[in-house]
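Me: I have a structure open and want to talk it through. Can we start at the surface and work towards the charged pairs?

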Amino acid sequence: MNETNPIAAIYCLICILIFVVCYLGGKKRFLPRVAALDKDEFGLKDFFPAGYYLMQKLKYKYNSPLDRTLRRQLKELYDPEFTDFYLQTYWAASATYVLIGFFLSGLLALSGQYSMSAAAVGFGFILAYVGLTDLKSKIDKRHQRISMDMPDLTNKIVILSGAGMTLRGAIEKIASELSNDRPLYEELSYAVRMMGRGNTPEEAFDRFTMRCNMPQVRRFVSVVLQNMHRGGDDVILALGEIGAEQWEERKNAARKFGEEASTKMLFPMMLMLFAVIILTVAPAVMSMNL
């Protein structure tokens with residue numbers, strides 16, 4: 001029987017102790033925060049009290065350039081009022097992944113698997129990094145869905161405005177009829193509700209632009225606000241031009257998506273070809289050996 005390395009035993013004890021202290025220290029204080037999180041989005045949320053506690057003890061200020069970038073991204077993905085809440089949550093999640101990595105590292109070191117122990121620490125830091133940078137991919141997917149819906153929205157407004165409705169009336173009609181799980185229409189509906197509660201169009205569409213932070217959305221909002229202030233029929237012409245440009249962008253995006261899909265299929269097709277070659281050649285090679 002192999003003797004336990006005393007250094008590995010001490011390392012394991014330290015890793016487990018740090019994790020347990022952080023988890024128990026944060027369990028009572030941060031459990032309500034954890035309960036408010038979506039289990040599907042944060043699969044390891046039950047361990048997040050440890051990360052919250054560690055970030056608190058480190059006295060992290062959440063004011064670095066990275067934090068400013070994360071705040072801007074989080075304002076698009078979540079209600080802007082809860083930006084700080086989710087910023088702290090993502091940092092707590094990353095801290096939790098690092099703690100779990102050290103926890104597993106200690107157990108692996110105790111069993112003598114030192115290379116795997118070092119890999120566990122690295123894996124924890126990789127998960128922490130991915131957890132923070134994954135926001136960019138979520139934003140890109142959201143922007144893709146918005147860009148696909150923008151031409152339809154613009155054209156509907158042009159049609160309704162051309163039929164005699166005011167611009168605001170057209171927007172309210174579209175928002176009431178097409179409010180669904182599409183982010184563009186959800187944000188448009190929220191902007192309409194804000195104006196209904198007495199907010200100015202500027203306030204409503206400023207939030208709309210912040211939640212749909214894309215050049216074509218900003219241009220669309222600029223035309224809409226100008227019409228609400230000055231009126232006139234120029235808005236139909238301007239929105240028609242914007243709609244035509246958006247359709248071209250949508251076709252280019254669809255073409256790019258198709259090219260990317262065909263590229264992604266190349267590797268599986270090569271594997272299938274390789275498997276077919278093996279199945280074809282193997283019997284012949286085996287018969288030659290006989």
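**Helices, surface and salt bridges**

Reply: Ile18 lies in helix H1, which covers residues 6–35. Keep in mind that this is a predicted model.

Me: Is Ile18 buried or exposed, or somewhere in between?

Reply: Ile18 counts as partly exposed, because its relative accessibility is 41%.

Me: Which residues make the nonpolar surface patch with Ile18?

Reply: Ile10 and Ile14 make it together with Ile18, and the patch is about 270 Å².

Me: And the surface of the protein chain as a whole, how much is exposed?

Reply: About 17,400 Å², of which carbon and sulfur atoms supply 64%. As for residues, 36% of the 290 in the protein chain count as buried.

Me: What does the secondary structure come to?

Reply: The protein chain has 10 helices and 0 strands. Along the sequence the pattern reads α-α-α-α-α-α-α-α-α-α.

Me: What share of the contacts joins residues at least 24 apart?

Reply: 64%, taken among contacts between residues at least 6 apart in sequence.

Me: Give me one residue as an example. Where does Gln73 lie?

Reply: Gln73 is in helix H3, residues 65–77. Gln73 is buried, because its relative accessible area is 13%, and the cut-off for buried is under 20%.

Me: What is Gln73 in contact with, leaving aside neighbours within four places in sequence?

Reply: Leu135, Lys136 and Ile139.

Me: Changing topic. How many salt bridges does a search of the whole structure find?

Reply: The search finds 10 salt bridges. One of them joins Asp79 and Arg207, with the closest N and O atoms 4.0 Å apart. That pair links distant parts of the chain: Asp79 sits in the loop between H3 and helix H4 (83–110), Arg207 sits in helix H8 (residues 201–211), and the two are 128 residues apart.

Me: Why would side chains like that pair at all?

Reply: Side chains of opposite charge can pair when their charged atoms come close.

Me: Buried or exposed, what do Asp79 and Arg207 count as?

Reply: Asp79 is partly exposed, with a relative accessible area of 28%. Arg207 counts as buried, because its relative accessibility is 14%.

Me: Which other side chain does Arg207 meet in a salt bridge?

Reply: Glu187, at 3.0 Å from N to O. Arg207 lies in helix H8 and Glu187 in helix H7 (residues 183–196), so this salt bridge ties together parts that are 20 residues apart in sequence. Both Arg207 and Glu187 are buried.

Me: Which residues end up in one network through shared partners?

Reply: Salt bridges that share partners join five residues by name: Asp79, Arg142, Glu187, Arg207 and Arg211.

Me: What about Arg168, what does it form a salt bridge with?

Reply: Arg168 pairs with Glu172, and their closest N and O atoms are 3.1 Å apart.

Me: How far apart are Arg168 and Glu172 in helix H6?

Reply: They are 4 residues apart in helix H6 (residues 167–178), so about one helical turn separates Arg168 from Glu172.

Me: And their accessibility, what are the values for Arg168 and Glu172?

Reply: Arg168 has a relative accessible area of 33% and is partly exposed. Glu172 also counts as partly exposed, at 32% relative accessibility.

Note on methods
Residues are numbered from 1 along each chain as its sequence is written. This is a predicted model: local features need pLDDT of at least 70, side-chain atom pairs count only at pLDDT 80 or more; totals for chains, interfaces and linings use all residues. Side-chain values use heavy atoms; hydrogens and water are left out. Buried means under 20% relative accessible area, exposed over 50%, partly exposed in between (1.4 Å probe, protein chains only). Contact means heavy atoms within 4.5 Å. Accessible areas come from the Shrake-Rupley method with a 1.4 Å probe; for residues, only the protein chains shown count as cover. Patches are made of residues with over 30% relative accessible area and no salt bridge: like charges are joined within 9 Å, nonpolar side chains (Val, Leu, Ile, Met, Phe, Trp, Tyr) within 5 Å. A salt bridge is a side-chain nitrogen of Lys or Arg within 4 Å of a carboxyl oxygen of Asp or Glu.
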